[in-house]
Amino acid sequence: MYISTRDNYERVSAAQAIKLGMVPAGGLFIPEEIPQVSKQDIFEMAGCTYQQTAARIFAMYLPDYTAEEIQYCIDNAYNADNFSAPAITPLKQIGDNTYILELWYGPTAAFKDVALQIMPYFLVKAKEKLGADKETVILVATSGDTGKAALEGFKNVPGIKIIVFYPYQGVSKVQELQMSTTDGDNTYVAAVRGNFDDCQTAVKNIFADQQFNQQLAELGYEFSSANSINWGRLLPQIVYYFSAYLQLVQKGKITLGEKINFVVPTGNFGNILAGWYAYKMGLPVARFICASNENKILTDFFRTGVYDKRREFKKTMSPSMDILISSNLERFLCEICGHDGAQVTEWMKQLNSQGYFDIGEKYKKLISDIMIGAFATEEETLATIKNVFDENGYTLDTHTAVGVSVYKRYAAESGDKTITVIDSTANPFKFNASVLKAVAGEEALKDKDEFAMLDELSRITGQPVHRALAGLDEKPVRHTLVCEKTELQQEIEKILGI
Ligand SMILES: *Cc1c(COP(=O)(O)O)cnc(C)c1O
C-alpha cells in the first residue's frame, strides 16, 4: 500500500497511486514499506535480463497487478523497437574504477524514456483495474527532457490527453524542436513565459485546485501526472540501479555483496531517489553523490541541512538540472524522518511561506551517512567534456559531465577507490551546441544551425547522430503556443474545449 508524505490521505493501492499522480490534498505517495531483497535474490538476478530483473522488482511494488499484466507492460516498453541497446541501460568503463551507466537508448535520447516508456502501460492497466471511466489529462511541467519523453510515451494512447508546459527559451533548441514536432492526436505543448519552477508550481497548483478538479470531473476528465511526483515514474528507475550492479557482477568487476558508489546528475531528485530506494531494498551501495550544476541548492542542503530557495535561478548548459524546488526531496525527507507526516508538512509549509526550512543536526547526520552533495561550475563542466573526450575518447553530454566533474573532484579529495557508477542521463547529441563548443571550441559553432552542429559533432566524435534527433529538421512544427505563467488553467480549458 502507498501512503502520503504528509499523512493527509488514506492508504491507497499502487494502481490508485499511479492513477492519481499525487496526493489530492498535497503530498506525494510513497510505499508504506520498502520491499527487501536478499543476497540470494541479487545472486539470482545476476543471471537475469533487464526485463526479467524489472519483472521481479515491479512485482514487489505492484502487488495489485498480476504477473501477466506486469509482463505485458514490460514487453511493450522494453523492446528492440523502443531501445536500441539490448541491455537497455548498458554500462561503459571510462577509468579504473569508473563506469558510465548509459540511460539514453530510448526514443528521445534521455534517461526519462526508461520510465516514460512503461509508465503509460502502468497507468492504462491501473485505470482498467479501478474501473475508471474518465478521460485522463496528463499535465507535465518539463525542464526539457520529461516533456518529449512523456509525449512519446503517451501519444495516441486511448483515453488519455497529454499537455506539456516548458519554460519559454529555457530549453535547448533540439529539446524545443523535439517537443514542437510531436505528432499524435492527443498531444499538446505550450511554452510558458517563466522558468521551470514557475511551470512546476503552476501545474502543482492546478492538481491541488479542488474546485477546478471537481468541474472537470463533471465533464468526464481527471488529471494525472507524468512527472516524477508520480510513483509510476520513479519505480521503473529503481531497476537500472540493480542492472548496473548486476552488470558489474557479471563482468567480474565486483564480487556479490561488494558496495559501490553512484553519482547522479540531479534536478528534481527523482533519479537519485530511485537509487536510494534500491539501496534501502538491499542493493549494496556505499554512497550516493548528488551532483548539481550552478543551481546548487541541494549541495548546500546536504552541507548545511538548510534548504533555501531564496536565491537567483541560473540558466546553465545543463538545463534539465536548472531546478530550485526538487519535488522528490519531500519523499526522501519523509523516509528519513520515519514517515512523520506532520514534520514533512511543516517543512513544506515553511518552504512555501518563508522560502527555506532547516532539518536540524539529527536528520542531517542521518542523511550524510549515505548521501553527499557537490556541484560543478559551467567552466568545470565544459573542461570535463573536453578532458574525457581527449583522454578516454568518450563524449559526455553536459548533464553527465556535471556528474563526472563532481566525481573527479570527490575522488581526488577523498581518495575513495570504491567502484563508482555515474548515471549518464542524456545522449551528447541532445545538447549539441555546448558539447561541440567543449570539444572543438567556440569557433566550431560559427555559422552553423542546429543540424549543421549535429553533423559536425558526429564528424568530430565519429559517432552517429542519435536516432531520436536525426531527421528532426524535416519534421513539421505542430505546436507553437506561448502563454503566461498565470494562464495555464485557461490554456487547459481551451484545449479541453470548456
Ligand atoms: C531530468 C534530467 C535530469 C534530472 O533528473 P531528476 O530525476 O529530475 O533529478 C538530469 N539530466 C537529464 C539529462 C535530465 O533529463
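**Notebook: fold, sheets and cores of a predicted model**

I began with the secondary structure and counted 21 helices and 15 strands in the chain. I note at the outset that the model is predicted.

**Entry: overall dimensions**

I looked up the extent of the chain. Along its principal axes the C-alpha trace spans about 60 × 55 × 50 Å. For 498 residues, a compact globule would have a radius of gyration near 23 Å; I found 21 Å for the chain, which agrees. I then checked burial, and 60% of the 498 residues count as buried. The accessible surface comes to about 18,300 Å², with 47% of this area belonging to carbon and sulfur atoms. Turning to contacts between residues at least 6 apart in sequence, I noted that 75% of them join residues at least 24 apart.

**Entry: the parallel sheet**

I traced an open sheet of five strands, with the order 8-5-6-7-15 and parallel pairing. Its edges are strand 8 (221–225) and strand 15 (481–484), each of which pairs on one side only. Direction ignored, neighbouring strands of this sheet are turned by 30 degrees against each other on average.

I examined one pairing in detail. Strand 5 (residues 135–141) runs parallel to strand 8 and is joined to strand 8 by five bridges. Within this pairing I located Val-137 opposite Phe-223 of strand 8. I also recorded helix 6 (residues 119–130), which lies across strand 5, strand 6 (160–167) and strand 8. The direction of helix 6 is at about 150 degrees to strand 5.

**Entry: the mixed sheet**

I traced a further open sheet, made of six strands in the order 3-4-14-9-10-13, and its pairing is mixed. Strand 3 (91–93) and strand 13 (371–375) each have a single partner strand, so one side of each is left without a neighbour in the sheet. The twist from one strand to the next averages 25 degrees.

At the strand 13 edge I found parallel pairing with strand 10 (residues 285–292), over five bridges. Ser-292 has Phe-375 in strand 13 as its bridge partner. Helix 13 (residues 297–304) packs on this sheet and touches both strand 10 and strand 13. I noted an angle of about 135 degrees between the directions of helix 13 and strand 13.

**Entry: nonpolar cores**

I asked which residues have the most contacts inside the largest nonpolar core. They are Phe-58 and Ile-238, in a core of 152 residues. Helix 11 (residues 231–250) gives the most to this core, namely 13 residues. I listed the residues that Ile-238 touches, leaving aside those up to four places away in sequence: Ile-57, Tyr-61, Trp-231, Ala-274, Tyr-277, Ala-278 and Met-281.

I also identified a second, separate core, which has 25 residues and includes Met-22, Val-137, Ala-202 and Cys-483. Val-137 is the residue I had already placed opposite Phe-223. In soluble globular proteins, nonpolar side chains tend to be buried together.

**Entry: helix 14**

I asked why helix 14 (residues 329–336) may be called largely enclosed by the rest of the structure. Eight of its eight residues are buried, so the description holds; the cut-off I relied on for burial is under 20% relative accessible area. The buried residues of helix 14 include the charged-type names Glu-330, Arg-331 and Glu-335 as well as Leu-329, Phe-332, Leu-333, Cys-334 and Ile-336. Just after helix 14, I noted that Gly-338 takes a positive phi of about 70 degrees.

Definitions and conventions:
Residues are numbered from 1 along each chain as its sequence is written. This is a predicted model: local features need pLDDT of at least 70, side-chain atom pairs count only at pLDDT 80 or more; totals for chains, interfaces and linings use all residues. Side-chain values use heavy atoms; hydrogens and water are left out. Two strands pair if DSSP finds at least two bridges between them. Helices (H or I, at least four residues) and strands (E, at least two) are DSSP runs, numbered from the N terminus. Axes are lines fitted to C-alpha atoms, for helices over the stretch in contact, and angles run from 0 to 180 degrees between N-to-C directions. Contact means heavy atoms within 4.5 Å. A nonpolar core is a set of buried Ala, Val, Leu, Ile, Met, Phe, Trp, Tyr and Cys residues joined through side-chain atoms within 4.5 Å. Buried means under 20% relative accessible area, exposed over 50%, partly exposed in between (1.4 Å probe, protein chains only). The radius of gyration is taken over C-alpha atoms; the globule rule is 2.2 Å times the number of residues to the power 0.38. Accessible areas come from the Shrake-Rupley method with a 1.4 Å probe; for residues, only the protein chains shown count as cover.
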